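Here are my notes on how the copies in this assembly are arranged. Have a look at the model before you read on.

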There are 4 protein chains.
Amino acid sequence: MNSESALREKLATVTRIFAMQGMIGLFGHVSAFDSVTRRVFMSPGMAGDKATTRPADLLVLDLQGKLLDGDGQVPVEWPIHTAIHGARSDALAVAHLHSPYATLFAIAKREFRPVTLQGALFLDGVPVYSEPQLVKTTSEAQRLSGLIGGRRAALLRGHGIVVLGKDIEEMLFASLILEDDTRKAMQAATLGKLGFISPEECRAFATEADWERRAHRAWNYFTRLEARWDRQPATGAGSLA
Amino acid sequence: MNSESALREKLATVTRIFAMQGMIGLFGHVSAFDSVTRRVFMSPGMAGDKATTRPADLLVLDLQGKLLDGDGQVPVEWPIHTAIHGARSDALAVAHLHSPYATLFAIAKREFRPVTLQGALFLDGVPVYSEPQLVKTTSEAQRLSGLIGGRRAALLRGHGIVVLGKDIEEMLFASLILEDDTRKAMQAATLGKLGFISPEECRAFATEADWERRAHRAWNYFTRLEARWDRQPATGAGSLA
Amino acid sequence: MNSESALREKLATVTRIFAMQGMIGLFGHVSAFDSVTRRVFMSPGMAGDKATTRPADLLVLDLQGKLLDGDGQVPVEWPIHTAIHGARSDALAVAHLHSPYATLFAIAKREFRPVTLQGALFLDGVPVYSEPQLVKTTSEAQRLSGLIGGRRAALLRGHGIVVLGKDIEEMLFASLILEDDTRKAMQAATLGKLGFISPEECRAFATEADWERRAHRAWNYFTRLEARWDRQPATGAGSLA
Amino acid sequence: MNSESALREKLATVTRIFAMQGMIGLFGHVSAFDSVTRRVFMSPGMAGDKATTRPADLLVLDLQGKLLDGDGQVPVEWPIHTAIHGARSDALAVAHLHSPYATLFAIAKREFRPVTLQGALFLDGVPVYSEPQLVKTTSEAQRLSGLIGGRRAALLRGHGIVVLGKDIEEMLFASLILEDDTRKAMQAATLGKLGFISPEECRAFATEADWERRAHRAWNYFTRLEARWDRQPATGAGSLA
């Protein structure tokens, strides 16, 4: 399998995993950047069925958003992907998701702070992009990319999230952790004050944690689950997410 | 396929989609109006199995509620549909649902205000019909219809919701958005104060949003999901909803 | 089908419906009373698989709890059933459930008050049995039965619920409504103060509502769903409930 | 079946049951101690698929953590198991889980107190291990074991739980009860103040309760459910748990 085939295979797989987890739904999309050919591979936009995405369904764009290959619908928010891939050589994978729990922190007036050890992955914080519009232009996407800076994610107010990784595995892992941490924070909040993992504790945990190993283990785990998934809609869960 | 066949096909499909999403349950019903023949097509009432509704199961009524065709159970709240179809030429599709999350705003003493960008669809607000009874007479239904005015939906106190659209696709889309927005509001409320999308921001977003395109994309997406749905009851979700 | 066969068939079916709905779990049990032969039919106790209960699995007891027929495990809380069947000629069906949402009102210090129109079924209130023990003796069960009086249900503190009906259909319907109303109350409570259905409004609604018709419609609906249920465990839902 | 075969069979089964219940996920692991041969049987660590674990997949370690048999991944937190098995002759089974609800009490600043009768199993309390790191060394695990003392469980801050039992059945039962009690506490908390089961009431209930009988009944019940489980991922539930 050459490098493009492998990248297409992985990107299609992660799209289906996000569908299985109820995190991508109708409007989400993911991308991976081939730094040699400077091409962006992207999952199709609205109405594309994420649960059955195959490598041949992916779109190929250049960094200016010109469609080079593929006949699916280009997501209207494609500039999110090209802006981040163009700005950061360590962000070879980018997800734009409407994941149900992380998005709550883009609604409630409450700063994200990690409540789980793995949440230490986000020790630099998760900024909120406050513009109440889709990110449809290059200049908007560049503002978003600038807001993210060297961090791993952003919350889009009243809308969803953007998560990036140095590869598809890390992007998946970070997205799952952000969803898990925010879900636990939301549920625990009904019990009273939360015990956060402090910045110092995050740093100490992150120093010890071998994120790459964890991300690859999670990849193996979820690809196996996805392989046996019966592709039933997650009834009642994440309707429009 | 002639126009009646097409309308029946769509109305049966949307009934099954609402069943899949856990939004219609035992007591909900949907309708579509044929403005040429002035006939109302309606899904059967109580005890009708929404998950398996077929075009031939639909009832046909005139605007006075006289049954013209079909042998299922006419919903006792049929006047909701005839009153709205009769009053508004831009409401060719009407849903009465007991959707689990939107109904919470018909219980809690808290006005609906959008927390998601797509919630801008409801920028004119969602009024509460406060009568603690089913809507079983024409005069009650006309009061409800008057309360809705030019808006897209109403909350029925302690009961459920009514959502309308210019066609079946828009009615489905609006119902999904209202459910999604209210679910997110409910969950985010455990985290503290909510950041609403202001009326001005709603207007700005709504101006840009191509609702018709979105509604048709969502239609394609959910019809595909429904086509592969295994029709298992959403165990534990939406029991009586 | 003679009357005993019919009763066994219905009682086995309602046991499976409660399993499907995640309301009976490991420890619940249901009963029906044959007023002619003065015998109590009861679903087996702990470790009995409620999702596959068949008519032949049912136990038959007399009102003193003597096992007349069947070789399953008699529930240790059998006196709940015999005490209520013995005391009230209008309670021919009794359920003891650990339904996840209704039980929350047996934990939180908050009186049950209906928030939905159908909750009017419980306009006489739902008393709390406060003894922190299982109901294993006749005298305890008689105290519980006395507490219920002429009402339809009781909450067992830190434990579960008891619901009764004049027949199996009404007992199912009342159990579903109590679960639905309490779930909505719990979820809406995160949004602020609740708007209850007042006693007067309950009375007005209950006067109009044809509970028997509703209960039989619900019976038809849920038996159809149960017939196509694939008997998968409700993963993650209602573990021990 | 000799004793090792039986132990392996049970440990593999309980691993799959925890997967079915959405309580073990990617990072959990369980163990059982053979007190005759002083060997620890353990489910594989990260990336091992808990839903399909078979007896031959299990690892065998000595109390110093030396791998004696098996070629799966030894969990990095193996010392949790060896420390507890080594310290307590009444803890022949140990689970380390990231169960979604119990973990909330390792996040919120609120002491665990039972709200259900069965929660009386934890009448001695559930201490919180507050170190914000994985338990990867023998000395850390010994501190954790010392903190647990003679109790049945501990909460690991921002991380998960440890539950032990005198056999696999009791360890499963205790884990299910802790998850059920914490879930009900979390949900009921939205309704207001909770009514706890007091220490005296716990003691009275625990005296009467035949935990061994209950645990074995629960074992029979859940093994039957697991035997018919279709091994579908619990979509949207417990993503990383």
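The points below cover the symmetry and then the contacts between chains.

1. A word on the model and labels. This is a predicted model, where local features need pLDDT of at least 70, side-chain atom pairs count only at pLDDT 80 or more, and totals for chains, interfaces and linings use all residues. Residues are numbered from 1 along each chain as its sequence is written, while chains are lettered from A and ligands numbered from 1 in the order in which they are written.

2. Chain B goes onto chain C with a turn of 90 degrees and a shift of 0.0 Å along the axis, at an RMSD of 0.0 Å (a least-squares fit on the C-alpha atoms of residues with pLDDT of at least 70 in both copies). That is how a four-fold axis relates its copies. The residue of chain B closest to this axis is Thr190(B), with its C-alpha at 4.3 Å.

3. Chain B also superposes on chain A by a rotation of 90 degrees with 0.0 Å of shift along its axis, RMSD 0.0 Å. Here too, Thr190(B) has the C-alpha of chain B nearest the axis, 4.3 Å from it.

4. Now the contact between B and A: 35 residues come from chain B and 25 residues from chain A (in contact means C-beta atoms, placed from the backbone, within 7 Å). On the chain B side, helix H4 (168-188), helix H5 (199-208) and helix H6 (211-228) each give two or more residues (helices are DSSP runs of H or I, at least four residues, numbered from the N terminus).

5. Do the copies meet through like or different surfaces? Only 3% of the interface residues of chain B are also interface residues in chain A, so the surfaces are different. For chain B and chain C the figure is only 4%, so these copies meet through different surfaces as well.

Methods: Contact = placed C-beta atoms within 7 Å.
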